[in-house]
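Here are a few exercises to work through with the model open in your viewer. Try each one before reading its solution.

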Amino acid sequence: MRLSQFHLRTEKETPADAEVVSHQLMLRAGMLRKLAAGLYTWSPLGLRVLRKVETVVREEMNRAGAVELLMPTIQPRELWEETGRWQKFGGQLLKIKDRKEAEYCYGPTAEEVVTDFARQEISSYKQLPVNFYNIQWKFRDEIRPRFGVMRAREFLMKDAYSFHIDDASLDAEYRNMYDTYARIFTRLGLKFRAVFADTGAIGGSASHEFHVIADSGEDAIAYSDTSEYAANVELAEAVSPGERADATETMRKVDTPTQKTCEDVAALLGIALTRTVKSVALMGTDAEGQPQFVLALVRGDHMVNEIKLSKVPGLADYRMATEAEILEHLGSEPGFLGPVKPAKAIRIVADRSVAAMHDFVVGANEAGFHLAGVNWGRDLPVPDEIADIRNVVAGDPSPCGNGTLGIARGIEVGHVFALGRKYSEAMKCTVLDANGKAVTPAMGCYGIGVSRIVAAAIEQNHDDNGIVWPDAMAPWQVAVCLINPKNDANVAAAAQALYDDLNAAGLDALLDDRGLRPGAMFADIELIGIPHRVVVSERGLAAGTFEYRARVASEAEQLDRAALFERLS
Ligand code: ATP
Ligand code: MG
Ligand code: MG
Ligand code: MG
């Protein structure tokens, strides 16, 4: 690409309305233009990066044996009625009517559509297992779209859905996707962590999120410092990065994991446990009368999650929910939340539409690890009960005897989920097994936030001068900077020749032939994060060298042609 023929428009000033660094830099580099809340035009530069991410995701999905298709963004209401999600999905679902008053939604995810496809296409166990994926735009009417494409309303997702004759086959594909995700994020050059997610709601290892580790992340991850264990602690949404930093600090101070029996915890909360009632929850309604659940699942040995609903602004009228209500609620959460197997562990359910709340959770998964998080409400004092719990949980070593829990912040970039038969059953998708008997296939689903990855990568890779792209994501790998193109035809010809040779050698090269002053040109090339820069100048040509500088290096070096190609290969 010759930059003079491209469209690049950079800005020096940091835009005032962009809170996090990735959003700031994407705007400054001219990768994005905002159209409306949570809606962005990807400029030619932004699109190049998005396509690079997409390519890595596609190549690795293909390598893993998944098969690509393309489903529409607009989905008919009837399909969503079959699974009950037309009502249950909630406010994130954008509903649309056509001229005949027929109702549709803009797909926030595609379980219904893919299951409809499968029930028409797949009739025999011989066609299984199969994993269909597409890379397609999604729309979710997020309560607080923010941080640019990090939490947008329209965003690009790779979503895959697998179908299986039995659970063993689903388990194998789940593992395969887990490994594939690890490969994808490694190839993209990201520091990431796979964490247990929603373990209370779906149990065991059936759901993992992949998080890019970054201080600006919206999620808190509790991890053991000596084992592989990590789990997601979802945070209420209405907190700014500064407040989140405070909350994280608070969590660090109070999070001393310990093992408490459910009796201890229940006694503290004044909850009466019986043999049959092992889980309790508070249920309330918000100002619009929508149910808001706050959950205290007490299972097996230990767990409590208590939120003082009565003190949450906008919430009125709360009572204990029945287990059936809790499960109903959990099973109807948007996104990749699947069927509920509550016996395994705990999950905190704090509806994100509740703006401020106190929250405290101590929990365990089956491996015996514990999480604790506390109090990220904005204005509310810590209730005594919570302070009490804090005292009780503080001061024991780690119950598992396996390290200490730390809290890191993460950006959810991927999610793998063993769905089971929730959708196939609801939509009457069956296949004939080896004995000719109709059986309901098990399903898995696997999402990657392709557009969110672009922002997450910048959160992890930037410096004072701008973006520092990992190689796999860079819009171009190497920029050839031509000094004074008008003054010296030899220099221009040499730069063009080098640029051609680099491309011929398989490097994605950019020729900056805009004729800018070196300072302005280099600032742009740094801002947009090109990993390698080569300057072609009269002086260099006379000496038989090019000036080479890696984006991450502090100094430039003079290399001859062979050394340059060596360096770039
Ligand atoms: P979050 O917890 O951030 O709201 P989610 O759990 O609702 O995400 P999933 O349903 O798991 O999202 O969707 C799969 C992936 O899509 C997520 O892991 C994330 O990377 C991406 N994603 C979800 N919502 C958004 C959004 N509003 N903007 C950009 N990417 C998103
Ligand atoms: Mg979400
Ligand atoms: Mg999530
Ligand atoms: Mg998710």
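**Exercise 1.** In this predicted model, find the open sheet of three strands and work out the strand order and which strands stand at the edges.

*Solution.* Start with the order: S4-S6-S5, with antiparallel pairing. Next, look at the ends of that order. Strand S4 (74–76) and strand S5 (94–97) each have a single partner strand, so one side of each is left without a neighbour in the sheet. Now check the twist: ignoring direction, neighbouring strands are turned by 40 degrees against each other on average. Finally, zoom in on one pair. S4 and strand S6 (residues 103–106) run antiparallel and are joined by three bridges. Within this pairing, Ile 74 sits opposite Tyr 106 in S6.

**Exercise 2.** Do the same for the open sheet of five strands, then say which strands helix H15 lies across.

*Solution.* Write down the order, S26-S25-S27-S28-S29, and note that the pairing here is mixed. The edges are strand S26 (509–512) and strand S29 (557–559), each of which pairs on one side only. Neighbouring strands in this sheet are turned by 30 degrees against each other on average, again ignoring direction. For the S29 end, go to strand S28 (residues 546–550): three bridges join S28 to S29, and the two run antiparallel. One residue to click on is Glu 547, whose bridge partner in S29 is Gln 558. Then add the helix. H15 (residues 518–527) lies across strand S25 (478–482), S26 and strand S27 (532–536). Against S25, H15 runs at about 170 degrees.

**Exercise 3.** Describe how helices H2 and H6 cross, and which residues make the contact.

*Solution.* Take the geometry to begin with: the axes of H2 (residues 44–63) and H6 (residues 167–187) come within 10 Å and cross at roughly 150 degrees. The crossing is right-handed. Then pick out the contact. H2 brings Val 56, Val 57, Glu 60 and Met 61, while H6 brings Thr 180, Arg 183, Ile 184 and Arg 187. Sort these by class and you get four nonpolar, one polar and three charged residues.

**Exercise 4.** Is Ala 489 buried or exposed?

*Solution.* Find the residue in helix H14 (residues 489–504). Count its surroundings: 9 other C-beta atoms lie within 10 Å. The cut-off for exposed is 12 or fewer, so Ala 489 is exposed. As an extra, pull up Ala 64: Ala 489 and Ala 64 are 425 residues apart along the chain, and their C-alpha atoms are separated by 50 Å.

Terms used
Residues numbered from 1 in each chain as written. Chains lettered and ligands numbered in written order. Predicted model: local features only at pLDDT ≥ 70, side-chain atom pairs only at ≥ 80, totals over all residues. Axes fitted to C-alpha atoms, helices over the stretch in contact; angles between N-to-C directions. Helix = DSSP H or I, 4+ residues; strand = E, 2+ residues; numbered from the N terminus. Left-handed = near helix turned anticlockwise from the far one by under 90°. Contact = placed C-beta atoms within 7 Å. Nonpolar A, V, L, I, M, F, W, Y, C, P; charged D, E, K, R; others polar. Pairing = 2+ DSSP bridges. Buried ≥ 20, exposed ≤ 12 C-beta atoms within 10 Å, placed from the backbone.
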